[in-house]
Amino acid sequence: MSRHVNIPIFIPHLGCPNQCVFCNQRTISGVTEFDLGRVRTIIDEALATVESDAEVEIAFFGGSFTGIDRELMCSLLKTAYEYVLCGAVKSIRCSTRPDYIDEEILAILKKYGVKTVELGLQSASDKVLSLTKRGHDFSAEKRACKMIVDSGFSLVGQMMIGLPGADAASETLTANFIVSSGASAARIYPTVVFRQTELCDMAEQGEYTPLSISEAISRSANVLEIFDEAGVDVIRIGLAANENLSSEDTYYAGPNHPSLGELIENELYYRKIRKLLTDTDVSGDSAIDILVSRGSLSKAVGQKKINKLRLSEEYPSLKLCFKESADLLGRDVLVKVNRLSDN
């Protein structure tokens, strides 16, 4: 199976019509300037480092791509599409806002070979959207998702955990909406508070309480479980690590942990295994094989063996053995019971 490689082109906050309370794109992307003349260089340098059989995609991230100057947007798409036409790149994707999607924009994206549209669907709650000054309501999200999917694009939903006014119930609602909208993939971003944002002012004034690491893990695992059960691929959990995110000059508070995504996956595996053990007759002394897909063993066992330790404390009479199985895929888990008394 060929490796998928994104060539990211960051458009720092160009085209965004307003400032959400949580937003500091310069900090998140590490990009402060945009030079149109550098786009070809970025793509060529990236292509020189990837394997010949890699599945390569040019991705326009950062600002609201479909909201930037129309001439600039078409110029960027035309440049990227040249690499698709010559076979160097397989496809193009972009990220944008729900209120910057219409029939004309989608026609332009299709003309230049865009296959995937990532949409900021931070919440399905109008209350949360209002408190975060998102600039649109839930109806705009529903309309944009339908138009994107009906037009034949792959939809990726980007949602956030721990926004002002949000709770576990509203986040579950958002995840279920992304699933029902026909999204093929999703991103989960626990809210981190950056300096020079309105959210930072709210936190300093006691109007907003940032999530702790444990809260972020629990609530993110809730929505990861929804996506996992629905077969929606989660392609990112948490912000990508970079120096800006840990600097005291930019980071104020919230779940900014370098291994947050893995910790959230650890929690999901713990829940899955515990449910299987609860639903399976494991009374008495038993040896239990906990089977997971290839490459998933460390996530199932957990960082510092946390899942194995927790389960061993909860089931002290069981001998737990974590193993990989070629018969399982993704985050699938299976338990096999071997009675010690039968041996």
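**Aromatic pairs, paired strands and a buried glutamate**

With a relative accessibility of 13%, Tyr112 counts as buried. That value, like the others here, comes from a predicted model. Tyr112 comes up again below, once the strands have been introduced.

Strand β1 covers residues 4-11, and its side chains take turns between two faces. Val5, Ile7, Ile9 and Ile11 point to one face and are buried. His4, Asn6, Pro8 and Phe10 point to the other, and these four are not buried. β1 has a partner in strand β2 (residues 55-62): the two pair in the parallel sense, over 8 bridges. Within this pairing, Ile7 of the buried face stands opposite Ile58 in β2.

Turning to the rings, the structure holds 4 aromatic pairs. One of them is formed by Phe10 and Phe61, with 6.3 Å from centre to centre and 45 degrees between the planes, a tilted arrangement. Since Phe10 belongs to strand β1 and Phe61 to strand β2, this pair ties together parts that sit 51 residues apart in sequence. What sets the two rings apart is how much of each is accessible: Phe10 is partly exposed, at a relative accessible area of 31%, whereas Phe61, at 14%, counts as buried.

Another pair brings Tyr112 back, this time with Tyr81: the two rings are edge-to-face, at 6.3 Å centre to centre and with 85 degrees between their planes. Tyr81 lies in helix α3 (residues 70-85) and Tyr112 in the loop between α4 (103-111) and β4 (114-120), so here the parts tied together are 31 residues apart in sequence. Here too the accessibility is split, with Tyr81 partly exposed at 24% and Tyr112 buried at 13%.

Rings also have charged groups over them. Lys110 lies over the face of Phe153, at 5.3 Å from the ring centre. In another case, the charged end of Arg310 sits over the ring of Tyr270, 3.6 Å from its centre.

Finally, there is Glu141, which is found in helix α6 (residues 138-150). Glu141 is buried, yet has no salt bridge. The nearest side chain of opposite charge belongs to Arg134, and it is 5.6 Å away; a salt bridge would need the side-chain nitrogen and the carboxyl oxygen to be within 4 Å. What does Glu141 touch, leaving aside its neighbours within four places in sequence? Its contacts include a run of Gly120, Leu121, Gln122, Ser123 and Ala124. Pro98, Leu129, His136 and Phe177 are in contact with Glu141 as well.

Terms used
Residues numbered from 1 in each chain as written. Predicted model: local features only at pLDDT ≥ 70, side-chain atom pairs only at ≥ 80, totals over all residues. Heavy atoms only, no water. Buried < 20%, exposed > 50% of the residue type's maximum accessible area, 1.4 Å probe, protein only. Lys, Arg positive; Asp, Glu negative; His and termini not counted. Contact = heavy atoms within 4.5 Å. Pairing = 2+ DSSP bridges. Phe/Tyr/Trp six-rings, centres within 6.5 Å; stacked < 30°, edge-to-face > 60°. Lys NZ or Arg CZ within 6 Å of the ring centre and 35° of its normal.
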